[in-house]
Amino acid sequence: MIHNDIDVRHLFAEGADVITAILERGMQVYVADVDVASAVARDRWIRCIDEGTPGGLHLAGSGILLGENWEGSLEQAAEVVREMDASGVSWHRGCGAVANFVKAHNEVKDDVDEVAERFARELAVKVTLPCREQMLMRPEGIHIARAAYYDGAGQFDPSRVEGLPSGFVISRRYLGKTYALKEAEMAVGIALGHHGFGELFTSKQPFLLVAVGGDSGLERELTEVAKPYGRRVTVVSLG
Ligand SMILES: [Zn+2]
């Protein structure tokens, strides 16, 4: 378990050189030396946007925040999952998106993990796909994301490539702009909040919002998300 301040600072320091190199050289020059062509997911299972659930295609909390309520979210998530041509639905413990849903819907009294599993299972039944728990591949209780990848291409997986910062992945290709930006805002909120590196992000070591897919429109969308944080959140493009 990594919770104490020294360990968190140590983890943050470990990833600092990569961020410095990206900012000094520019993202597009930096990735020329990185095997970015390998950053492709190997399967099409739905996973959370959490940096601890890499690979596949992404929907925060399996899509639980897509609609106004449980039924509405199920309905919309089913539509997106079909559009993605996904091969399964997963959920994970300690999900920030599901916690946000529970907080916003007081009638749900169950614990967050139970709600996460129930939503994923109901969604899987709706779209006739298998469902499973996705084990969390980050330290429990702390988000170590340095970035959020805003994926206009569709199956981007930074965890497969040495040299790309750990990050959330938002499957922008399959999502409407308004909802995709909501996921991006949530990612920044988690990373810069007390479940993430928080105040360790500064103008010199900012959180990165990374446009993936070469569409300059994506960078413009992300600029709005970054604005309230000043220089602690920086938009870059993978080109
Ligand atoms: Zn999650």
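Axes here are lines fitted to C-alpha atoms, for helices over the stretch in contact, with angles from 0 to 180 degrees between N-to-C directions. Helices (H or I, at least four residues) and strands (E, at least two) are DSSP runs, numbered from the N terminus. The model is predicted: local features need pLDDT of at least 70, side-chain atom pairs count only at pLDDT 80 or more, and totals for chains, interfaces and linings use all residues. Residues are numbered from 1 along each chain as its sequence is written.

**Exercise 1. Describe how helix H5 meets H6.**

Step 1: start with the axes. Those of H5 (residues 96-104) and H6 come within 9 Å and cross at roughly 100°.

Step 2: classify the angle. Angles under 35 degrees count as roughly parallel, over 145 as roughly antiparallel, 65 to 115 as roughly perpendicular and the rest as oblique. H5 is therefore roughly perpendicular to H6.

Step 3: find the residues in contact (C-beta atoms, placed from the backbone, within 7 Å). H5 brings Val98, Ala99 and Val102, while H6 brings Val112, Val115 and Ala116.

Step 4: sort them by type. Ala, Val, Leu, Ile, Met, Phe, Trp, Tyr, Cys and Pro count as nonpolar, Asp, Glu, Lys and Arg as charged, and the others, Gly among them, as polar. The contact of H5 with H6 has 6 nonpolar residues, no polar and no charged.

**Exercise 2. Now do the same for H4 and H6.**

Step 1: the axes of H4 (residues 70-84) and H6 come within 10 Å, crossing at roughly 55°. That angle makes H4 oblique to H6.

Step 2: list the partners. Leu74, Ala77, Ala78, Val81 and Arg82 of H4 touch Glu122, Leu123, Lys126 and Val127 of H6.

Step 3: the types in this contact come to 6 nonpolar, no polar and 3 charged.

**Exercise 3. Work out the strand order of the sheet and place H6 on it.**

Step 1: strands pair if DSSP finds at least two bridges between them. Here 4 strands form an open sheet with parallel pairing, in the order E2-E1-E3-E4.

Step 2: look at the edges. E2 (57-58) and E4 (131-133) each have a single partner strand, so one side of each is left without a neighbour in the sheet.

Step 3: zoom in on one pair. Strand E3 (residues 88-91) is joined to E4 by 3 bridges, and Ser90 stands opposite Arg132 in E4.

Step 4: add the helix. H6 (residues 112-127) packs on the sheet and touches E3 and E4, its direction making about 175° with that of E3.

Definitions and conventions. Two residues are in contact if their C-beta atoms, placed from the backbone, lie within 7 Å.
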